[in-house]
Amino acid sequence: MRGARAGGDEGGIVLGWLLRVTVVLVVLGVIGFDVMSLAYTNVRTVDDAGIVAGTGADVLIESPGDFDRARDESRAVAKELGVRMRGKDWWIDEEGEVHVTVSRTAHSLALQHVPQLERYLTVRAVGTAMAR
């Protein structure tokens, strides 16, 4: 009887460790997904900000002084790329450089459920392009 009992305890110990390892791997996977999602969203948003600014600058190169059309084209490209751009987030400085600020929300498995960390899911980026 003693041998049978020891074998049963070994099975319980193995299952306990297997359960712990599985839980740790799941937690690491969720954290890893959120980190990669934030990094990807950050890089993509920075690239898209440059594209949106470049679109506005291209319009101004073709039609100098047509600020409304340049802003509208930038807004259309921002919508197409899936980033948000408010009207006040598009401006031209005195040197003729177009500046835009765009934002995008990262996808998350865990951060979206922690109210104190939700603000980190919104990624903002500034893009600039010369309109000369």
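1. Start with Val 14, which lies in helix α1. Helices here are DSSP runs of H or I with at least four residues, strands are runs of E with at least two, and both are numbered from the N terminus. Val 14 counts as exposed, at 55% relative accessibility. The cut-offs are these: buried means under 20% relative accessible area, exposed means over 50%, and partly exposed is in between, with a 1.4 Å probe and protein chains only. Now look across to Ser 103: the C-alpha atoms of Val 14 and Ser 103 are separated by 48 Å, with the two positions 89 residues apart along the chain.

2. A word on what you are looking at. This is a predicted model, in which local features need pLDDT of at least 70 and side-chain atom pairs count only at pLDDT 80 or more, while totals for chains, interfaces and linings use all residues. Residues are numbered from 1 along each chain as its sequence is written, and side-chain values use heavy atoms, with hydrogens and water left out.

3. Next, follow helix α1, which covers residues 2–62, to Met 36. Met 36 is exposed, with a relative accessible area of 58%. Its C-alpha atom and that of Ala 106 are separated by 9.8 Å, although the two residues are 70 apart along the chain. Met 36 also belongs to a nonpolar surface patch with Leu 19, Val 23, Val 27, Ile 31 and Val 35, and together they have about 570 Å² of accessible area. Such areas come from the Shrake-Rupley method with a 1.4 Å probe, and for residues only the protein chains shown count as cover. Patches are made of residues with over 30% relative accessible area and no salt bridge; nonpolar side chains (Val, Leu, Ile, Met, Phe, Trp, Tyr) are joined within 5 Å, and like charges within 9 Å.

4. Thr 45 is also in helix α1, but is it buried or exposed? Thr 45 is buried, with a relative accessible area of 0%. Its side chain reaches the backbone oxygen of Thr 41 at 2.6 Å. Leaving aside neighbours within four places in sequence, Thr 45 is in contact (heavy atoms within 4.5 Å) with Val 102, Arg 104, Val 123 and Ala 125.

5. Now for the inside. In soluble globular proteins, nonpolar side chains tend to be buried together. The largest nonpolar core here has 18 residues, and those with the most contacts inside it are Val 52, Leu 60, Met 85, Trp 90, Val 98 and Val 100. Two or more residues each come from α1, α2 (67–81), β2 and β3 (122–130). Helix α1 gives the largest share, 6 residues. A core of this kind is a set of buried Ala, Val, Leu, Ile, Met, Phe, Trp, Tyr and Cys residues joined through side-chain atoms within 4.5 Å. Beyond its neighbours within four places in sequence, Val 52 is in contact with residues including Val 77, Leu 81, Met 85 and Val 100.

6. Side chains of opposite charge can pair when their charged atoms come close. How many salt bridges are there? The count comes to 5, where a salt bridge is a side-chain nitrogen of Lys or Arg within 4 Å of a carboxyl oxygen of Asp or Glu. One of them joins Glu 62 and Arg 69, whose closest N and O atoms are 3.6 Å apart; Glu 62 is exposed at 59%, while Arg 69 is partly exposed at 31%. Another joins Arg 71 and Asp 68, at 3.5 Å from N to O. These two are separated by about one helical turn because they are 3 residues apart in helix α2. Asp 68 is exposed at 52%, and Arg 71 is partly exposed at 25%.

7. Arg 86 and Asp 89 also form a salt bridge, with their closest N and O atoms 3.0 Å apart. Arg 86 is exposed at 51%, whereas Asp 89 is buried at 11%.

8. Finally, visit His 99 in strand β2, which covers residues 97–105. His 99 is buried, with a relative accessible area of 12%. A polar contact of 2.9 Å joins the side chains of His 99 and Asp 93. That term means a pair of N or O atoms within 3.5 Å; within protein, one must be able to donate a hydrogen and the other to accept it, and residues adjacent in sequence count only if both atoms are side-chain atoms. Outside its neighbours within four places in sequence, His 99 is in contact with residues including Asp 89, Trp 90, Gly 127 and Thr 128.
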